[in-house]
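Trainee: I have a model open and I'd like to practise reading it. Could we go through it together, one question at a time?

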Amino acid sequence: MTPLRLGYLYGFGAYLLWGFFPLYLKLLRPTGPLEILAHRIVWSVVFVALLLAALRNIGFLRALARRPRALVAISVAAALIAVNWGTYIYGVNSDRVVETALGYFINPLVVVLLGVAVLREQLRRTQWVALGVGGLAVAVLTVDYGHVPYLALTLALSFGGYSLVKKRLGLPAAEGLFVESAVLALPALGYLGWLASTGDVTFGHVSAGHTVLLVLAGAATAIPLLLFAGAANRLPLTNLGMIQYLAPILQLACGVLIFHEPMPPARLAGFALVWLALVVFTADAVGNARRTRAAARAGAPAPAATAAR
């Protein structure tokens, strides 16, 4: 199998798992969102530690310990991903899967906005149009929901910020997930200990199958991330960006078709505006990538806007 085909296989595998993740989270009831989050953190540490030990790749911790700034950045990334995971679990458990899907639809637009605000990147005119349509979509959805779709915005902002920090860190997927989870493990274990002392813990008190599902939360977290890393190493960024919408499409389908969440006309119009913004954004990215490749073949320098992206 060629590296390109293997990259697509990894990419589709990652986004399929993320797309159907709400079905898994629903199986964890009656466990509350914070307890699920704590188990997800703790068992992620265990799963990835075993993986790194099998690969004999624990030595990276010594090098990382000599980089205090990197440790601070990892702590920030850990806090952002904890917010993202916790918000997502809360959204699924409170029957708001459609709104969580919205968060991951608008995430690419938020990442572009963060690039402008934080990295001082310059956007092309088409990208500004996409952001404007995305802003209009949020306004329409605010009217429909009766409030700002804070759940979706929290997911998009937290994952966008996490992506920004991770880009600067440059850690491989497994090593990064291990360190981030390890940072969060102590408070997670403390919370689980407190639940046990109050008698409110569900782990081991519902059924054997339920206990196994909570333990597997670590693998369910790590495996898609590792598949994504394999795809990112083999696919052009434009191709990977095209298939990233598979996950929120599947999440939306789960919310509407399986969990029967409402999709009134105004909400559908808001989603349609988001999709329009993504079409504009993706078409611009594909066109710019083609222009960059053509310039490279001709021996000309890449356009300035391309370099910014």
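Trainee: Leaving aside neighbours within four places in sequence, which residues is Leu-4 in contact with?

Mentor: Contact here means heavy atoms within 4.5 Å. Keep in mind that this is a predicted model, where local features need pLDDT of at least 70, side-chain atom pairs count only at pLDDT 80 or more, and totals for chains, interfaces and linings use all residues. Residues are numbered from 1 along each chain as its sequence is written, and side-chain values use heavy atoms, with hydrogens and water left out. With neighbours within four places set aside, the partners of Leu-4 are Arg-234, Leu-235 and Pro-236.

Trainee: How many Å separate the C-alpha atoms of Leu-4 and Pro-236?

Mentor: Leu-4 sits in helix α1, residues 3-19. Helices (H or I, at least four residues) and strands (E, at least two) are DSSP runs, numbered from the N terminus. Pro-236 is 232 residues away along the chain, yet the C-alpha separation is 9.0 Å.

Trainee: Why does Leu-4 count as partly exposed?

Mentor: Buried means under 20% relative accessible area, exposed means over 50%, and partly exposed is in between (1.4 Å probe, protein chains only). Leu-4 falls in that middle class because its relative accessible area is 41%.

Trainee: Which helix gives the most to the largest nonpolar core?

Mentor: A nonpolar core is a set of buried Ala, Val, Leu, Ile, Met, Phe, Trp, Tyr and Cys residues joined through side-chain atoms within 4.5 Å. The largest one has 42 residues, and Leu-25, Val-48, Tyr-88 and Phe-178 touch the most other members. Several helices supply at least two residues each, including α3 (33-54) and α9 (173-198). The top giver, with 10 residues, is α5.

Trainee: And leaving aside neighbours within four places, what is Leu-25 in contact with?

Mentor: Leu-25 is one of the residues touching the most other members of that core. Its contacts beyond four places in sequence are Ile-36, Tyr-88, Ile-89, Val-92 and Asn-93.

Trainee: How many residues are in the second, separate core?

Mentor: Among its members are Ala-101, Leu-278, Val-280 and Phe-281. The count for this core is 28 residues.

Trainee: Last one: how many helices and strands does the chain have, and what is its radius of gyration?

Mentor: The chain comes to 15 helices and zero strands. The radius of gyration is taken over C-alpha atoms, and the globule rule is 2.2 Å times the number of residues to the power 0.38. For 309 residues that rule gives 19 Å, and the chain is close to it, so it is as compact as a globular protein of that length, with a radius of gyration of 20 Å.
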